[in-house]
Amino acid sequence: MLAAFLTIPLLGALVLLDSPIDPEPLSFKEPPLFLGVLQPNTKLQQAERLFENQLVGPESIANIGDVMFTGTADGRVVKLENGEVETVARFGSGPCKTRDDEPACGRPLGIRAGPNGTLFVVDAYKGLFEVNPWKREVKLLLSSETPIEGRKMSFLNDLTVTRDGRKIYFTDSSSKWQRRDYLLLLMEGTDDGRLLEYDTQTKEVKVLLDHLRFPNGVQLSPAEDFVLVVELAMVRIRRFYVSGLMKGGADVFVENLPGFPDNIRASSSGGYWVSMAAIRANPGFSMLDFLSERPFLKKVIFKLFSQETVMKFVPRYSLVLELSDSGTFLRSLHDPEGQVVTYVSEAHEHSGHLYLGSFRAPYLCRLRL
């Protein structure tokens, strides 16, 4: 009797409540086995935490010489030097305490050092900026309010810059979803993400790739002949050729990754570091793989639970994977319980260390290689 009393209102709620997402079924290959190069280990647990409780969400990291910079969840670009955290830029205003504050506050994500002692930064809500951290000068290069080929940019994410500073390649993860709703974007698998090019001299913007499902990290090749773009919701990395005989062409650089990839950065071996804050365990169970072919279940989950509640069910397994210049797996670094490195977003190599960013942890980490 009690079960029926509770079940009838629940079923009614499922029927009457709207779901914030309208997902399509996606099909993935069986995840790669966690053997050989992917054999689980605890190497990331050897990292040390830096600036703990002095910053939150250091998503991306860049160096000018030995001075380090990052963007934080409270809308700042900060300089990290001699154990001190110093604000050098802010693109938004107002309180920056909750996810609902993000659009006004701003959220700096991808950050890169340019050739002239400045930083190029993409803010998820505000646009593309050049920052002189020494003079505290901020220059807006491209506002997110500017429609590109008739579509707005709702979730600017990452960028990579040519050595001469002329071209900036960047991702807009979605025209529909903002950064604060990244989990809804992932679960819906919306294919409205783009890879774009900005010319700092002509101010021209071009769309290079369209119909991407949650494009995220982006990285130029060492020869600057192609750009790699992470397609998070498809657990793969795409490649777009920007020069040479293949110019304008695109292919898949790596598919069927062992986790859900975030940023990608160059490694000293000539390959690439890819960071993943959630894995596709094999052997084991991947909730995100299970749900990918069950859009009805996704809709039910987000009828009943908030994004923050759903996040609590995602295991805190951090994985950093090094790829060769051809995309083969070279080595993997794990923190299976997220004890030290948690919600990893980026692996930035500098002077024999990996600096590990996070999209929500109150610290960054450093690991000696």
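**Figure 1. Helices that help line the second largest pocket of this predicted model.** Start with helix 2 (102–105) and helix 6 (307–311): each of them supplies at least two residues of the pocket's lining. The pocket has a volume of about 380 Å³. Its lining is made of 18 residues, and the ones closest to the centre are Arg99, Glu102, Arg179, Glu308 and Arg360. Sort the lining by class and you get nine charged residues, six nonpolar ones and three polar ones.

**Figure 2. The largest pocket and the strands around it.** Here we're looking at about 550 Å³ of space. Strands are the thing to look for: strand 2 (61–64), strand 6 (108–113), strand 10 (156–161), strand 14 (215–220), strand 18 (259–266) and strand 22 (344–350) are the elements that give two or more residues to the lining. In total, 27 residues line this pocket, and Arg112, Thr160, Val161, Gln219 and Ala266 lie nearest its centre. As for class, the lining splits into 12 polar, 10 nonpolar and five charged residues.

**Figure 3. The largest cavity.** Now for the cavities: the structure holds two of 30 Å³ or more. The largest one has about 390 Å³ of space in it. To find its centre, look for Tyr182, Leu232, Asp262, Ala277 and Phe359, which lie nearest to it among the 22 lining residues. Three elements to pick out are helix 3 (182–188), strand 18 (259–266) and strand 19 (272–279), as these give two or more residues to the lining. Helix 3 makes the largest contribution, with three residues. What classes do the lining residues of the largest cavity fall into? They divide into 16 nonpolar, four charged and two polar.

**Figure 4. The second largest cavity.** This one holds about 80 Å³ of space. Its lining can be named in full: Leu26, Phe28, Leu186, Met187, Ala233, Phe260, Leu288, Leu291, Ser292 and Lys298. You've already met helix 3, which lines the largest cavity; here, helix 3 and helix 4 (287–292) each supply at least two lining residues. Which helix gives the largest share of this lining? That's helix 4, with three residues. By class, the lining has eight nonpolar residues, one polar and one charged.

Methods: Residues numbered from 1 in each chain as written. Predicted model: local features only at pLDDT ≥ 70, side-chain atom pairs only at ≥ 80, totals over all residues. Heavy atoms only, no water. 1 Å grid on protein atoms, 1.4 Å probe; cavity = no way out; pocket = protein on both sides within 12 Å on 5 of 7 lines; lining within 4 Å. Points joined across faces, edges and corners; volume = space filled by probe spheres on them. Helix = DSSP H or I, 4+ residues; strand = E, 2+ residues; numbered from the N terminus. Nonpolar A, V, L, I, M, F, W, Y, C, P; charged D, E, K, R; others polar.
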